[in-house]
Structures are given as structure tokens and as C-alpha cells.
Amino acid sequence: MRSTAGAAADIIAPLCAGLVVTLIGIGGVMVVDVVTFCIAMLALFIVHLPRSDKPIATEASEPFWQKLTAGLRFITVRRGLLGLLITYVGINLFAALTYFAILPPMILARTGGSELALASVQGMLGGAALVGGLVMSLWGGPRRKIHGALGFTAVSFLLGDFLFGVGRRLPVGLRAAAVSSFFIPLLVGSYRAIWQVKVPLAMQGRVFAVQVALQTATMPLGYLLAGPLADHLLEPAMMPGGALAGALGWLVGTGPGAGMGLMFVVTAVLGCLMSLSGYLLPDVREVEIRLPDYDLVGEVV
């Protein structure tokens, strides 16, 4: 459901943004930004979050620094969760390097700067994610959620990113957007479900804070590397007569956008391998079996 809400926003927000800028200008956009921020903060005060009536043993007597590191310690002593987290650290690095960082400029470069082409791809990304979110909401995902967290991620990389890399026409880009974005709610929902049933409610805030911080820690590195790799290395190398054009032009073409396309091909392969590597570790592959589930009050089911 969270993915569905996000996808719906991805579809509606760009349309609304264009309308708002046209009607009230950038100054008005800043006002809308402040108003929506206030609405979001108000929602946090209104929404009721359940609390556990049974705090963790010895929690009250723990020193402050031990409470601060409790989430990290919880993860590190559970090898299945730690291995799954490390797998997603690599996955997010490869996703940030291309999918999140250079997809719009690549589409523009390969379509001669067509804003309509970029809007079409972005619209397909939002629409496919919305469909995927609805499917996940109705279906609930595979019985073994680890197959969703690892298997669907591999499919999204291999079919989505690879098609983005080799596709030189808009229809191929639209198919790539549909495939990659459809599987994102399925893999994200499966991944989150594993964590939510394996972490007691009283510990979820601290554990999830560490989990999110660590699994996204490499994403800034991906953003920082993406631009220089594209502008100074691979784009020049894939221009006609470039260092790699003769060897790899048959795969991703040559000219503007080809170097970024090659980056997508590489991250598609690496991201797929990173996802499947989780199956090599028994603690990760069998995390749902080897670790106990917890109910809403933090007790083992």
C-alpha cells in the first residue's frame, strides 16, 4: 500500500507541478511547499501508532549509549538480517548509479532532448508501479518473502535496467519502465515484510533507523560517481570513433546516450548478481525459517 501511494503521487505530482508553476509561478510553488509540509507534520500528530505494553527486558536499566546502539546490535547478532541488509547495500548502490541518477538525462540524450519522451517514460514508471502496488496489495506476495526480496529484484535489474541500456527507441524505453517499475512494489513489500515480522515492535524504531541508514549509505556514492563516469569516461568512449564504440556499439549503439546506456547494462548485470548472491548464504536464504517471528507485543509467535 505504501508503494501504491508513492506511485500514485509520482503520476499526479508532475501534472500538478506543471499546472501550479503555470498559474502561480515559482513563488507560489514555495508557498505550496510550506503548506504541504505543515499538512504532513499535522498528519504525524494525528495518526495513532500502536505501542508495545511489554518493553524489552533490561531496557530501562540500559545506559544511553547502549540504547543508541541497540538497533545495530540487534541486526549484527542475526546473520540472516545482516546478510540481507548487506545485499541491499550493494543493490542500492547499483540502483543509484544509473536508475536514480542518470535515467532522465539518458532518455533526453537518446531522444534528441524530447521532453515528451521523458514525460512518457516517467508516466510509465508511475503507472507500472501503481499496478505493481495494487497487485502486491491484493496478492500479498510469495509465501516465502525472500523470493520476492531477492528474486524480483534480480528480475527488475535484468529485464528493466538491461532494456534501458540496450533500448535506442522510445517504445523499448517504455517497456523497460513498465517491467522495472512493476516489480519494485513487489520486491520492496517482500523485503519490508521480512523485517517487520522478525523485529519486535518495541525495537522496530531503533532497528529500522539503522537498517535504512545503512542500506542507503552507498547511494550518495552512486550519485557522485554517475555524473563523472557518464560525462568524462563512457559518453566520450561511446561516441563514433570512441575507445569503446567499436567493441560495444553493437550492444548499446553509439552517439549521445550510448555511454549511459552502457552504464545501465553494467549495473543490470551487477545488480542481478548482487540480488542472487543472497541465495548463496543459508542464513539469508532461510531467514524466514531460522529467525523467529514476533507478534504485535514483541513476543515470539
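**Aromatics, cores and a bent helix**

User: How exposed is Phe 182?
Analyst: Phe 182 counts as partly exposed, because its relative accessibility is 22% and the buried class stops at under 20%. Keep in mind that this is a predicted model.

User: And Phe 183, buried or exposed?
Analyst: Phe 183 is buried, at a relative accessible area of 16%.

User: How do the rings of Phe 182 and Phe 183 sit against each other?
Analyst: Their centres are 5.2 Å apart and the planes make an angle of 85°, so the pair is edge-to-face. The count for the model comes to 8 aromatic pairs.

User: What about Tyr 191 and Trp 195?
Analyst: That pair is edge-to-face too, because the planes are at 65° and the cut-off is over 60 degrees. The ring centres of Tyr 191 and Trp 195 are 6.2 Å apart. Both residues are buried, and both belong to helix 8, 4 residues apart, or about one turn.

User: Why would that spacing matter for direction?
Analyst: An α-helix has 3.6 residues a turn, so residues three or four places apart point the same way.

User: Which residues form an aromatic cluster?
Analyst: Tyr 99, Phe 100, Phe 164 and Phe 264 make up one cluster.

User: Back to helix 8. Where does it bend?
Analyst: At Ile 184, by about 25°, with Pro 185 following within four residues.

User: How does the end-to-end distance of helix 8 compare with its expected span?
Analyst: It agrees: 29 residues at 1.5 Å each should span 42 Å, and the end C-alpha atoms are 43 Å apart.

User: New topic, the largest nonpolar core. How many residues, and which have the most contacts inside it?
Analyst: It has 31 residues, and Leu 84 and Trp 195 have the most contacts within it. Helices 3, 4, 7, 8 and 9 each supply at least two of its residues. Helix 4, residues 79–97, gives the largest share, with 7.

User: What does Leu 84 touch, sequence neighbours aside?
Analyst: Leaving out neighbours within four places, Leu 84 is in contact with Ile 146, Leu 150, Tyr 191, Ile 194, Trp 195 and Val 284. Two of those, Tyr 191 and Trp 195, are the helix 8 pair from before.

User: Which residues are in the second core?
Analyst: That separate core has 25 residues, including Met 106, Ile 107, Ala 176 and Met 260.

User: How many disulfides?
Analyst: The count is 0.

User: Are Cys 38 and Cys 272 buried or exposed?
Analyst: Cys 38 is partly exposed at 44% relative accessible area, whereas Cys 272 is buried at 10%.

Key: Residues numbered from 1 in each chain as written. Predicted model: local features only at pLDDT ≥ 70, side-chain atom pairs only at ≥ 80, totals over all residues. Heavy atoms only, no water. Core = buried A, V, L, I, M, F, W, Y, C linked by side-chain atoms within 4.5 Å. Buried < 20%, exposed > 50% of the residue type's maximum accessible area, 1.4 Å probe, protein only. Contact = heavy atoms within 4.5 Å. Disulfide = S-S within 2.5 Å. Expected span 1.5 Å × (residues − 1). Bend = angle between axes of the 7 residues up to and from the residue. Phe/Tyr/Trp six-rings, centres within 6.5 Å; stacked < 30°, edge-to-face > 60°.
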